[in-house]
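Colleague: Please take one part of this model and go through it closely, then place it in the rest of the chain. Define each term as you reach it, since I am new to this.

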Amino acid sequence: MTQESVLVVDDERDMAESCGYFLRRAGFKVKLADSADEALEHLDRHRFDLVITDLKMPRMSGLSLLDAVKSRDPDIEVLLITGYPGIKTAVDAIKRGAFDYVPKPFDEAVLMERVGKALAHRRVKAGNEALQERLREGAARKMTYQSTQFADVVDEVRRAARTDTTVLVLGESGTGKELLAHYLHDESDRAGRPFIPVDCTTIPENLVESELFGHVKGAFTGATRDKIGLFQVADGGTLFLDEVGELPLAFQAKLLRALQERQVRPVGGSKVQDVDVRLVCATNRDLEAAVSTGRFREDLFYRLDVVRVVVPPLRDRVGDVGILSEIFRANFVAKNPTCRIEGIAGDAQEALAAFRWPGNVRQLSNAIERACALGKGRLIEMEDLTDDIAGRGSAVRVTSRTDVSEETFKEMKTRRVAAMESSYLVELLEKNKGNVTHSADAAGMTRSAFQKLMQRYGIKSRDYR
């Protein structure tokens with residue numbers, strides 16, 4: 001693992017050196033600066049993962065340095081040292097991008113706890129490209145809609161944000177459940193603190209507890225150092241568990257206890273750690289059915305299902321397809337200056353509005369991106385849309401039968417549906433370079449259901465990598 005680098009800024013040299021001593025003992029590379037000006041010189045010459053700065057300094061304050069750091073690299077985490085932890089300035093600093101503050105006087109344990117959380121948060125962002133892009137562009141804070149159906153959902157989320165109540169977001173894949181979870185976080189008193197999204201389907205079953213609760217060195221083979229769990233990283237903020245229904249049954253009891261006690265115990269550790277986390281969960285599975293079959297704990301379900309938000313599919317959100325299509329087009333053009341697409345032709349708009357969008361908003365975004373990338377003129381035309389969206393029939397030619405008269409209507413329907421399904425699977429796999437998880441998400445299906453269809457039609461993901 002690359003040694004992480006920390007810049008300590010304090011006009012009180014003794015304080016800076018004390019902080020640096022603790023950090024070096026923990027294995028970090030450390031540089032010290034006596035002023036914000038000197039800190040900026042270091043930032044121009046070196047790469048840092050974390051900046052720890054005093055709040056009150058002559059000439060340039062810690063807040064001004066915070067702004068300068070974030071303008072240079074938004075991914076650098078910043079901790080403020082302050083002798084007045086209750087003042088409004090410290091709270092404002094967090095809203096302006098500081099990860100947290102360390103009150104004076106501090107001891108080694110308090111400092112290293114804050115440092116560990118800040119750097120773990122940076123690693124989470126670095127390992128999640130999609131999250132990093134949303135945080136940089138502020139896309140997670142933009143709620144765009146025209147339909148009354150989605151307006152009602154947004155209003156419900158806004159009202160739920162006033163408390164720390166657990167929220168369960170239900171809806172098909174691709175409807176914007178994570179977007180709503182981040183919106184809830186931004187509307188709450190926790191805005192400015194960490195928002196940590198976790199896709200429960202991507203964590204191996206034997207590592208779920210370690211990822212969420214952390215572990216101590218030597219807890220199991222490969223645990224060569226202490227690890228802070230995502231519950232601790234999200235401390236003070238919001239933890240979003242996407243596809244919570246996929247959590248292993250054995251871990252569900254531990255999650256329930258963590259929620260009730262507001263404490264977690266790292267794997268292999270003997271001490272519990274207090275956590276202040278607002279939990280938001282989402283799933284496209286029927287959790288009540290999972291409870292009835294014993295695949296999800298009933299007590300955990302009721303603990304999560306305090307405020308239930310049901311997100312309507314895009315096909316039921318009249319008017320949203322048009323405004324979202326234009327936003328996706330504008331976003332693509334902004335990122336790709338060579339793209340000259342200026343709008344969407346009328347017949348193409350009608351086709352987009354009429355389509356059923358089984359993959360919901362995610363599928364619409366992909367369709368507009370493809371049309372912009374391949375479009376030849378100034379407008380997205382019908383020819384720039386895929387065959388299924390444009391209504392040109394199956395994406396692949398259905399082999400005709402010589403003896404059509406001998407085929408019943410039911411047989412014909414089964415054959416054509418199979419041809420369309422198989423072609424749709426192939427198209428998604430080609431687009432996602434054989435990645436089954438991404439293809440399933442785009443189709444609005446669970447990974448297991450997508451794989452069953454692949455097996456039915458003899459489709460191998462390796463053929464499209």
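Modeller: Helices (H or I, at least four residues) and strands (E, at least two) are runs assigned by DSSP and numbered from the N terminus. By that count the protein chain has 20 helices and 16 strands. The model is predicted: local features need pLDDT of at least 70 and side-chain atom pairs count only at pLDDT 80 or more, while totals for chains, interfaces and linings use all residues. Residues are numbered from 1 along each chain as its sequence is written, and side-chain values use heavy atoms, with hydrogens and water left out.

Begin with the loops. Pro105 lies in the loop between β5 (100–103) and α5 (108–126). The peptide bond that leads from Lys104 to Pro105 is cis, with omega near -10°. Most residues other than glycine have a negative phi, and most peptide bonds are trans. Glu243, in the loop between β10 (238–242) and α11 (249–261), is not a glycine, yet has a positive phi of about 55°. Buried here means under 20% relative accessible area, exposed over 50%, and partly exposed in between (1.4 Å probe, protein chains only). Glu243 counts as buried because its relative accessibility is 11%. Arg262 lies in the loop between α11 and β11 (263–264). Arg262, not a glycine, has a positive phi of about 55°; with a relative accessible area of 40%, Arg262 is partly exposed.

Now the part to look at closely: the core around β10 and α11. A nonpolar core is a set of buried Ala, Val, Leu, Ile, Met, Phe, Trp, Tyr and Cys residues joined through side-chain atoms within 4.5 Å. The largest one has 36 residues, and those with the most contacts inside it are Leu212, Phe231, Leu239 and Leu241. Helix α11 gives the largest share of this core, five residues. Contact means heavy atoms within 4.5 Å. Leaving aside neighbours within four places in sequence, the contacts of Leu241 include Val198, Cys200, Leu212, Leu255 and Leu279.

The neighbouring strand belongs to the same picture. Two strands pair if DSSP finds at least two bridges between them. β7 and β10 run parallel and are joined by five bridges. One of the residues in β7 is Pro197, whose bridge partner in β10 is Phe240. Strand β7 (residues 195–199) is mostly covered, with four of its five residues buried. Leu207 follows in the loop between β7 and α9; Leu207 is partly exposed, at a relative accessible area of 30%. The C-alpha atoms of Leu207 and Val267 are 9.9 Å apart, although 60 residues separate them along the chain.

Rings come next. Rings of Phe, Tyr and Trp (its six-membered ring) pair if their centres lie within 6.5 Å; planes under 30 degrees apart count as stacked, over 60 as edge-to-face and the rest as tilted. The structure holds seven such aromatic pairs. One of them joins Phe213 to Phe251 and is tilted, at 5.2 Å centre to centre and 45° between the planes. Phe213 lies in helix α9 (residues 208–213) and Phe251 in helix α11, so the pair ties together parts 38 residues apart in sequence. Both Phe213 and Phe251 are buried. Ring pairs link Phe213, Phe231 and Phe251 into a cluster.

The rest of the chain sets this part in context. A second, separate core has 24 residues, including Leu324, Leu352, Trp357 and Ile389. Leu324 is among the buried residues of α14, along with Asp320, Val321, Ser325, Phe328, Arg329 and Phe332. These buried residues are on the same side of α14 because they cover an arc of only 155° around the axis, where the arc is that of the directions from the helix axis to the C-beta atoms. What covers them includes α7 (148–160), β15 (343–344), α15 (346–354) and α16 (360–374).

Thr386 is placed in the loop between β16 (379–380) and α17 (387–390). Thr386 is buried, at a relative accessible area of 12%. Not counting residues up to four places away in sequence, Thr386 touches Arg370, Arg392 and Glu427.

Over the whole protein chain, buried residues make up 46% of the 465 residues. Of the contacts with a separation of 6 or more, 68% are between residues 24 or more positions apart.
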